[in-house]
Amino acid sequence: MNDVLLRLEGITKRYGSLAANDDVALTVRRGEIHAVLGENGAGKSTLMKVIYGVTRPDAGEVLWKGAPVSMRNPAEARTLGIGMVFQHFSLFETMTVAENISMALPDSPRDLAPRIREAGARLGLPVDPDAPVHALSVGERQRVEIIRCLLQDPDLIIMDEPTAVLSPSAVPALFETLRRIAGEGRAIIFISHKLEEIRALCHTATIMRGGKVVATVDPTATTADDLARLMIGSALPHPVRPPRELSPKPALTVDDLVLPAADPFAMALDHIALKVHPGEIVGIAGVSGNGQAELVRVLSGETRLPSQEAPRVRLEESSVGDLGPRDRRRMGLAFVPEERLGRGAVPQLSLADNAYLTAAGLGLSTRGFIRFAAVKAFAESLIAGNDVRCSGPDAPARSLSGGNLQKFIVGREMALAPKVLIVSQPTWGVDVGAAAAIRQRLVDMAGKGAAILVISDELDEILETADRLHVIFRGRLSPSVPATVDRDRIGLAMAGDFAALAAVAPDRSLAHA
Amino acid sequence: MLEARTAPSRATLVAVPAIAVALTLLCGFLLFTAIGSPPEKVAYAFFVQPFASVGAIGEVLLKTGPLLLVAQGLAIGYRADIWNIGAEGQLIVGAICASVLAIAFETSTSPFLLPAMILAGAAGGAAWAGIAALLRVRFGASEILTTFMLSSVALQLLYFLVTGPLKDPMGFNFPQSVMFGDAALFAPLIPGTRANTSLLMGLAATLVAWVFMARTTAGFRLMVGGLAPAAARYAGFSQTRAIWIGLLAGGACAGLAGVGEVAGPLGMLQRTLSPGYGFAAIIVAFLGGLNPIGIVFAALVMAVIYVGGDYAVVSAGVPNASATILQGFLLVFYLAASLLFTHRIRWRKAAVAEGSAP
């Protein structure tokens, strides 16, 4: 067929003994949105590097518009008509949109401005060419990246997890744009591991596992469970939740918490109240930036309340609002922050040192001296027990992938055997299999009597794990509703309409004494 | 543009200081030759003379002591991101506190006088640094500024004391105190040299610093606070405590070094106490990679520069400022080498579309 744009045959790339790509074949046609789906380490990134000219395969052929090509660098790929939009933006914050785009093109910012407006109008990517980048939201920055790529008039655009940075409400607009781009006869390679998105957007899905292509399917005709099974090689486990008794006494209580914004970019907390009982998982849903970060800091002790307001946060019966994280940890509170590097772990330090960061209380020190053998053994047990892929306890934290480091941190906090566990974005960047494992462990911990609070952007995650959920919007927290609530209502509440939840019968199954 | 290297190698720890020292020697040599000093004499003064006799080695060790002491104390703070650059002032206050005791008990022969002076010196230096710690903790004042400004205050205090209350009444109006009694003086470690207990205190500080940084929970907390402040907050390590420990450790060590000077080679309190040990020790701490063992070698290198500089002034006629110039070279080359080991230069325009963040 002459509408075949890109064909890969027998692509093999080895790194030492590891075959990152093993005899990979891929065909992309004009006008097609083609998903490449796989877990972390399945070989997606290596394959994209081959297509974009970053690495050269050890074996196999790249055919571009029917002719074999051998690209030495991304500049050659761009000359051929292959563009890429990266997950991490590369924009200069102090420059305007047009100035940023002009750095990738021979034209001046002034000449580019009308073209930026035109492309924006045509494709549903409104962006002001004269706006400084620092004033743009994440979604707008992504538009700038996409426009920069499009103005180079590529035939093929590679998009690396473009929805990872967007709020759920911004995703449909992006999809509309991508459909219009494909409608112009361009092809898109869409890298993702979010199955529902692929089913909603893509025409074809190539599924990779262990460096090989395991299937090429029509995602619209395949269920998400089937896609997941192909991707991870076994059925996607959903957390199993045995029924359990709830204790009437809450393990964590937040009582009418008010906190002014600490800086112009922070969200003030407005009369927040919540309770988490031993044995239950409570979720907080909401688009990020609505006060989750501020609330979590008050709960963890990173932000301390003045002592007269200490009773606003209680662990079991004790007022802890004015205590620091170490005191709260001693009283049975553990916390997984959303930032792994630099907060949950020190990037430069080894996994052993990072195990010590919060777990010193597990007998890892005597009289102020670190017990290195015990620390190392503990780190090794975390690595083995949580399937952390790394070179060992001496590996620096920053050498791990985000997902593996998250498994390590979650494992560490769970090892503290907390009475209350707060987890912020438990599975950001973690692949589906590991995410399912983390969710199952949360459910298991609750089953053993821990009180768990999950804060997540991903509504599915909350619905899958939580018994009850609150919605947070502009620093206000909705009353809790059972996690069986219709997701459209939750969506409305996430946009600020808490009344949509009020129609739901209040949750009487739980003790609200 | 500069781009961070992904994995700075372990070799950095040795290679960076080695390159910095080599470039310093080369540039110093070229500079002194250019201004007309006989090159062979300059080389002889720096490379041979400091090691040519027991006395010369003794001089090197004499200068190693205070540099080592001060640098070990400073490095503890630096690793925690606490920037005490006023060790010179803390050294002076430590010397003053010890001197007050020595002068007040001028005729004493008590064996407790010297230990009391050591304690007073350490306490004085720590207290002087403690002012900066208090200002930082209570008012958020940058310790970089306060410690530096307090150095000037300490110097003025010293000038006032040696021309006023502590001046030797029989000293023909020279700005200096009385000579200390024997009970207030360190005995030389090796006969025929002036090297004294200051060196032993430096080595003891090295041991303590190493154990503290590598083995204790408190040292670990300081390190985390320096590397990743958000992680330290998350773990619940107190920043206030880190500020106090970092500044007090540096101040106490500098104070001890001050005792070593007045109770050692000087034997009295005088206008010029230290040839800039407090500032040179900052360079020593960095040259040693903020590593207690590395600092021992760095202190030796710096001491050789001091002693070689003195010889070069006499034998090769280089300017008095030669040691200071070499210290400057050393710092600049160290910073440059260290940056180039952790970053690489890309000469072309930023390849924006390749995903490398600007």
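**Exercise 1.** Does A:Asp353 count as buried or exposed? Locate the residue and justify the classification.

*Solution.* The structure is a predicted model. First, the position: A:Asp353 belongs to helix α11 of chain A. Second, the criterion: a residue is buried if 20 or more other C-beta atoms lie within 10 Å of its own. Third, the result: A:Asp353 has 23 C-beta neighbours inside 10 Å and therefore counts as buried. For a long-range reference, A:Leu80 is 273 residues away along the chain, and the two C-alpha atoms are separated by 48 Å.

**Exercise 2.** Determine the surroundings of A:Asp387 and its degree of exposure.

*Solution.* Begin with the element: A:Asp387 sits in the loop that runs between α12 (372-385) and α13 (402-415) of chain A. Next, take the neighbour count: 13 other C-beta atoms are found within 10 Å, so A:Asp387 is partly exposed. Then set aside neighbours within four places in sequence; the contacts of A:Asp387 are then A:Lys407 and A:Ala434. Finally, consider A:Gly411, which is 24 residues from A:Asp387 in sequence, with a C-alpha to C-alpha distance of 9.7 Å.

**Exercise 3.** Describe the domains of chain A and the side of domain 2 that touches domain 3.

*Solution.* The domain assignment divides chain A into domain 1 (4-232), domain 2 (239-332 + 418-513) and domain 3 (339-417). Taken over C-alpha atoms, the centres of domain 2 and domain 3 of chain A are 25 Å apart. Their contact involves 12 residues from domain 2 and 12 residues from domain 3. On the domain 2 side, the elements giving two or more residues are α10 (325-330) and α14 (432-447) of chain A. Of these, α14(A) gives the most, with 4 residues. Sorted by class, this side of domain 2 has 7 nonpolar, 1 polar and 4 charged residues.

**Exercise 4.** Characterise the packing of α11 (277-287) against α12 (292-315) in chain B.

*Solution.* Two packed helices are described by the angle between their axes and the distance between the axes. For this pair, the angle is about 135° and the axes lie 8 Å apart. At that angle, α11(B) is oblique to α12(B). The handedness of the crossing is right-handed. From α11(B), the contact draws on B:Ala280, B:Ile283, B:Val284, B:Ala285 and B:Leu287. From α12(B), the contributors are B:Ile295, B:Ala298, B:Ala299, B:Val301 and B:Met302. The class count for the contact is 10 nonpolar, no polar and no charged residues.

**Exercise 5.** Give the corresponding description for α5 (113-139) and α10 of chain B.

*Solution.* The angle between α5(B) and α10(B) is about 145°, and their axes are 6 Å apart. This crossing is right-handed. Its contact has 20 nonpolar, 9 polar and 1 charged residues.

**Exercise 6.** Which elements give two or more residues to the side of chain B that touches chain A, and what covers the buried residues of α8(B)?

*Solution.* Consider the interface as a whole: 21 residues of chain B are in contact with 31 residues of chain A. The elements of chain B that give two or more residues are α8 and α9. By class, the chain B side comprises 13 nonpolar, 5 polar and 3 charged residues. Turning to α8 (residues 217-227), its buried residues include B:Phe220, B:Leu222, B:Met223 and B:Val224. The cover over the buried residues of α8(B) includes α11 (351-359) and β18 (369-370) from chain A. From chain B, the cover includes α3 (54-79), α7 (197-215), α9 (229-235) and α10 (239-266).

Conventions
Residues numbered from 1 in each chain as written. Chains lettered and ligands numbered in written order. Predicted model: local features only at pLDDT ≥ 70, side-chain atom pairs only at ≥ 80, totals over all residues. Buried ≥ 20, exposed ≤ 12 C-beta atoms within 10 Å, placed from the backbone. Contact = placed C-beta atoms within 7 Å. Domains from an automatic or database assignment. Nonpolar A, V, L, I, M, F, W, Y, C, P; charged D, E, K, R; others polar. Axes fitted to C-alpha atoms, helices over the stretch in contact; angles between N-to-C directions. Parallel < 35°, antiparallel > 145°, perpendicular 65-115°, else oblique. Left-handed = near helix turned anticlockwise from the far one by under 90°.
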